[in-house]
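This report describes one protein chain, moving from its sheet to its helices, its interior and a few individual positions. The sequence and the coordinates are shown first.

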Amino acid sequence: MTLRIAEIFGPTVQGEGALIGEPTVFVRAGGCDYRCTWCDSIHAVDSAYRHDWAVMAPEEVMAEVRRLSGGKPLTVSISGGNPAIQDFAPVIAYGKAEGYRFACETQGSVSKPWFADLDTLVLSPKPPSSGETVDWKAFDQCLEAAQGCGQAVMKIVIFDDKDYAWAKAAAERHPELPLYLQPGNPEVDPAQPVDLQQATDRLLWLIEKVTGDGWFTPRVLPQLHVLVWGNKRGV
C-alpha cells in the first residue's frame, strides 16, 4: 500500500491544542473531504496540488520521520488535509515499535480503526465560518473508533461571535471531551506577513468572551506558530 503525503517536516514544536509546545515531527497527508474557507494548508487539501504530493510506502514515511528525528523517539503528528481518508495504521505500528508517540488531527468526518492506536486524537469540528457543516453522527463514529486510544480531545477555531456560540453548543454535545479553543487566523497565504497585533487582539477577545461568560471549561490557547514564526508551520 502507499500513502499520499503533502510534506513531512520537523522536528519543531506543536503550535496549538492539547500538545502545544511539544517537540514533534509532522506528517501532512494529501487530500481532504472539506474545503474550509479559511484553510491555511490548501496545498495538502486541493487535488490541484496532487502532483506535488509524494506517493510513499508506510516504511518510507517512517524512514523519513526517523531521519528527521535522528532516530530519537518523539511525537509524530499526522495531519492534513484530512489524514483519516487514508490508512496510517502501518506507519503507527512501525513507529510505536520504536517508541514513537502518535497524534492525529482530523475534523471528525471519517472514522478509522487506527484511531484506537493513537496516543492523542484531536477532533477539530469546523465552525460556521468554515463554510462546512458538521456531520455529528460521523463525529460520534470517530469517537467510537478511538476507544482505547490514549486521549481524545476537541479543538475549535473561533473567528467571530457565531463561531463562539456554535462552540458552546458543541461543548454541550460532548462535555466529556477536553476542549481547546483558539482564535482563527484570517491570513491564509503563508507568503504574507502575519499582523501580530491583530493576532494578539483576537486572542484577548476570545479570552474576554470566555471569562466574561463564566465559561471555565475550555482552555484558550494561541496559535503559537503564528505568534512566534508568523507562518503556518508547526500545526
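## Strand pairing in the sheet

Strands β2 and β4 run parallel and are joined by five bridges, with serine 77 of β4 serving as the bridge partner of phenylalanine 26. These descriptions, like those that follow, refer to a predicted model. Strand β4, which spans residues 75-79, also pairs in the parallel sense with β5, residues 101-106, over four bridges. Within that second pairing, threonine 75 has arginine 101 of β5 as its bridge partner, while valine 76 is partnered by phenylalanine 102.

These pairings belong to an open sheet of nine strands, arranged in the order β3-β1-β2-β4-β5-β6-β7-β8-β9 and mixed in its pairing. The edges are formed by β3 and by β9 (219-220), each of which pairs on one side only. Elsewhere in the sheet, β7 and β8 run parallel and are joined by five bridges, and proline 183 in β8 is the bridge partner of isoleucine 158.

## Enclosed strands and the helices across the sheet

Strand β4 is largely enclosed by the rest of the structure, because five of its five residues are buried. The cover extends to both faces of β4, with Thr75, Ser77 and Ser79 buried on one side and Val76 and Ile78 buried on the other. Strand β8 is likewise mostly covered, five of its five residues being buried; here Leu179, Leu181 and Pro183 lie on one side and Tyr180 and Gln182 on the other.

Two helices can be placed relative to these strands. Helix α3 (residues 136-145) lies across β6 (120-123) and β7 (151-158), and runs at about 175 degrees to β6. Helix α4 (residues 161-173) lies across β7 and β8 (179-183), and runs at about 160 degrees to β7.

## Nonpolar cores

The largest nonpolar core contains 49 residues, of which Ile8, Phe88, Phe102, Phe115, Leu118, Ile156 and Leu181 touch the most other members. Apart from this core lies another, made up of seven residues that include Tyr34, Cys36, Val45 and Val157.

Phenylalanine 102 can be followed in more detail: leaving aside residues up to four places away in sequence, its contacts include Met62, Val76, Ile78, Val91, Ile92 and Leu118. Gly95, Lys96, Asp119 and Thr120 are also among the residues that phenylalanine 102 touches.

## Serine 41 and lysine 72

Serine 41 is covered by a "binding site" annotation in an unreviewed UniProt entry. In the model, serine 41 is placed in the loop between β2 (23-29) and β3 (54-56). With a relative accessible area of 7%, serine 41 counts as buried, because the cut-off for that class is under 20%. Not counting residues up to four places away in sequence, serine 41 touches Arg28, Gly80 and Gly81.

Lysine 72 occupies the loop between α1 (58-68) and β4. Its relative accessible area is 62%, and lysine 72 is therefore exposed, since that class begins over 50%. The C-alpha atoms of lysine 72 and glutamate 98 are 9.0 Å apart in space, although the two residues are 26 residues apart in sequence.

## Confidence in the model

The average pLDDT of the protein chain is 91, and 92% of the residues score at least 70. Over residues 231-235, however, the pLDDT is below 50, and this stretch has 27 contacts in the model beyond near neighbours in sequence.

Notes:
Residues numbered from 1 in each chain as written. Predicted model: local features only at pLDDT ≥ 70, side-chain atom pairs only at ≥ 80, totals over all residues. Heavy atoms only, no water. UniProt positions renumbered as here; feature names shortened; annotations may be inferred. Buried < 20%, exposed > 50% of the residue type's maximum accessible area, 1.4 Å probe, protein only. Contact = heavy atoms within 4.5 Å. Core = buried A, V, L, I, M, F, W, Y, C linked by side-chain atoms within 4.5 Å. Pairing = 2+ DSSP bridges. Axes fitted to C-alpha atoms, helices over the stretch in contact; angles between N-to-C directions. pLDDT = per-residue confidence, 0-100.
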